[in-house]
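Me: I should like to work through this protein structure by question and answer. Please reason each answer out before giving the value or name.

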Amino acid sequence: MSTSLQAVREIVTASSSGQAALLQVLLAVQDSSPENYVSEEAVNEIAHLLGVSRSRVYSTASFYSVISLKPRGRHIVRVCINAPCENAGKQAVLIALEQELGVSLGGTTADGRFTLEGVSCLGACYMSPAIKIDNRLYGDLTPEAAVAIIRSYGEEDTIEHTA
Ligand code: FES
């Protein structure tokens, strides 16, 4: 399910003006989507309401890897693939996550709960290897710890975690 057009209108109305507005709106629209993406309908509405071209909206959305134009899982699991995390054991953590979730990097679980993505540095190099699930960082991971974190996300996803 994508963001409703009414929700898009409310987000655009509440946004600031100027250069930052488009990115701000794209992030907010994506956050409001249960499938963590910006739909084509939302792109059209944003372009219309902000008075910019659709291609400008698309190019901005495409430029920032944090924005997706395709449906994703409810939770985004981001694995740092940069050298410090690589050297600290990222590959074993990634393999464990792929096995636990049953998807490769870029994939979404069949139940739509998780999308696994690779990113270039999470700003948490001091606790490599690190991953981020939605807005929460986890570091100094072992493969077992990474799997336990995934499993701690219950059906209601209400469990609190520590970084
Ligand atoms: S290199 Fe992995 S968090 Fe920075």
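The questions below take up the domains, a helix pair, the aromatic pairs and one arginine of this predicted model.

Me: How far apart do the C-alpha centres of domain 1 and domain 2 lie?

Reply: The protein is divided into two parts, with domain 1 covering 5-63 and domain 2 covering 75-152. Between the C-alpha centres of these domains, the separation is 28 Å.

Me: At what angle do helix α1 and helix α3 pack?

Reply: Helix α1 spans residues 5-14 and helix α3 spans residues 40-50, and their axes are 10 Å apart. The crossing of α1 and α3 is right-handed. The packing angle is about 35 degrees.

Me: How many residues in the contact of α1 with α3 are nonpolar, and how many are charged?

Reply: Helix α1 contributes Leu5, Val8, Arg9 and Val12, while α3 contributes Glu41, Ala42, Glu45, Ile46, Leu49 and Leu50. No residue of this contact is polar. The division is therefore seven nonpolar and three charged, given that Arg and Glu count as charged and Ala, Val, Leu and Ile as nonpolar.

Me: Is the pair of Phe63 and Tyr64 stacked or edge-to-face?

Reply: The structure holds two aromatic pairs. In the pair of Phe63 and Tyr64, the ring centres are 5.0 Å apart and the planes stand at 85 degrees. Planes over 60 degrees apart meet the criterion, so this pair is edge-to-face.

Me: Which class of exposure does Tyr64 fall into?

Reply: Its partner Phe63 has a relative accessible area of 65% and is exposed, the cut-off for that class being over 50%. Tyr64 has 32% relative accessibility, and values between 20% and 50% define the intermediate class. Tyr64 is therefore partly exposed.

Me: How many residues apart are Phe114 and Tyr153?

Reply: The rings of Phe114 and Tyr153 have their centres 6.0 Å apart and their planes at 80 degrees, so the pair is edge-to-face. Phe114 belongs to strand β2 (residues 114-119), whereas Tyr153 lies in the segment after α7 (143-152). Both Phe114 and Tyr153 are buried. The pair links distant parts of the chain, and the separation is 39 residues.

Me: Is Arg78 buried or exposed?

Reply: Arg78 is placed in strand β1 (residues 75-80). Beyond its neighbours within four places in sequence, Arg78 contacts several residues, including Glu117, Lys132 and Asp134. The relative accessibility of Arg78 is 12%. This value is under 20%, so Arg78 counts as buried.

Conventions: Residues numbered from 1 in each chain as written. Predicted model: local features only at pLDDT ≥ 70, side-chain atom pairs only at ≥ 80, totals over all residues. Heavy atoms only, no water. Domains from an automatic or database assignment. Axes fitted to C-alpha atoms, helices over the stretch in contact; angles between N-to-C directions. Helix = DSSP H or I, 4+ residues; strand = E, 2+ residues; numbered from the N terminus. Left-handed = near helix turned anticlockwise from the far one by under 90°. Contact = heavy atoms within 4.5 Å. Phe/Tyr/Trp six-rings, centres within 6.5 Å; stacked < 30°, edge-to-face > 60°. Buried < 20%, exposed > 50% of the residue type's maximum accessible area, 1.4 Å probe, protein only.
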